[in-house]
Amino acid sequence: MTVASASDQTNYAQKLGISNGMVVQELGWDEDVDDELRADVEDAIGEEMLDEDSDEVIDVVVLWWRDGDGDLVDALMDAIGPLADDGIIWVLTPKTGHDGHVAPSEIAESAPTAGLTQTSAVNLGSWIGSRLVQPKSRVPKR
């Protein structure tokens, strides 16, 4: 048995840019989600993540998404509703070879249709996180 020290552990919340005081909403929870990732996020923000019934303005949406979950564009449109102007949506999908794997092209094609831009992807254990943001509106300078 190997015991990993705390410094060896991956901090998923840091990888996702989630910190204390942020309002984080979790969508798409199911039995297969990564409980360690969830715990990291909740430890970082100092409270539980909100569910889909919340009416607060959201800083970060954590959207667990698997092949067969439905229409990703519809899910992203729903997630954008309560999102702050500078808010982020993390679409978390199972890695290649895992049940429910979603092709990266599905996210790449769905994001612009929903009015979002994909900016990066991160490795999160057996999940991959795709970072989606709303494009900055082009306000002409005077």
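Which residue follows α2, and what is the sign of its phi? I looked it up: G46 comes after α2, and its phi is positive, near 80°. Note to self: I'm working with a predicted model here.

**Entry: helix α2**

I stayed with α2, which covers residues 35-45. I listed its buried residues and got L37, R38, D40, V41 and I45. Looking down the axis of α2, I saw these buried residues fall within an arc of 160°, so they line one face of the helix. Then I turned to the face pointing away from that buried side, and there I found the exposed residues D35 and D43.

What do the buried residues of α2 pack against? I noted α1 (12-15), β1, β2, β3 and β4 (117-124). The helix lies across β1, β2, β3 and β4, and I read its angle to β1 as about 160°. I also checked the start of α2, where D34 has a side-chain oxygen within 2.9 Å of the backbone nitrogen of E36.

A reminder from class: an α-helix has 3.6 residues a turn, so residues three or four places apart point the same way.

**Entry: the sheet**

Next I traced the strands. They make an open sheet of five, in the order β1-β2-β3-β5-β4, and the pairing is mixed. β1 and β4 are at the edges with a single partner strand each, so each has one side with no neighbour in the sheet. I wrote down an average twist of 20° from one strand to the next.

Do β2 and β3 run parallel or antiparallel? They run parallel, and I found six bridges joining them. I picked out two pairs: V60 has I88 in β3 as its bridge partner, and W64 stands opposite L92 in β3. Between these strands the chain passes through α3, and I noted that this β-α-β crossover is right-handed.

On to β3 and β5: these run antiparallel and are joined by seven bridges. One pair I looked up is W90 with R131 in β5.

I then checked how covered β3 is: 10 of its 12 residues are buried. I zoomed in on T93, which sits in β3. T93 counts as buried because its relative accessibility is 3%, and the cut-off for buried is under 20%. Skipping neighbours within four places in sequence, I found T93 in contact with W65, V102, I107, S126, W127 and I128.

**Entry: helix α3**

I went back to the crossover helix, α3, residues 72-80. Its buried residues are L72, V73, A75, L76, A79 and I80. Seen down the axis of α3, they fall within an arc of 160°, so they line one face of the helix. I noted that they pack against β1 (24-27), β2 (58-64), β3 (83-94), α4 (104-113) and β5 (127-133).

Which residue caps the N-terminal end of α3? I found D71 there, with a side-chain oxygen 2.9 Å from the backbone nitrogen of V73.

**Entry: helix α4 and E106**

Last stop was α4, which lies across β3, β4 and β5 and runs at about 20° to β5. I looked at one of its residues, E106. E106 counts as partly exposed because its relative accessibility is 25%. Leaving out neighbours within four places in sequence, I saw E106 in contact with W65 and L72. I also checked E106 against D71: they are 35 residues apart along the chain, and their C-alpha atoms are separated by 10.0 Å.

Conventions
Residues numbered from 1 in each chain as written. Predicted model: local features only at pLDDT ≥ 70, side-chain atom pairs only at ≥ 80, totals over all residues. Heavy atoms only, no water. Buried < 20%, exposed > 50% of the residue type's maximum accessible area, 1.4 Å probe, protein only. Helix = DSSP H or I, 4+ residues; strand = E, 2+ residues; numbered from the N terminus. Arc of directions from axis to C-beta. Contact = heavy atoms within 4.5 Å. Polar contact = N/O pair within 3.5 Å; in protein donor to acceptor, adjacent residues only side chain to side chain. Pairing = 2+ DSSP bridges. Right-handed = clockwise from strand over helix to strand, strands pointing away. Axes fitted to C-alpha atoms, helices over the stretch in contact; angles between N-to-C directions.
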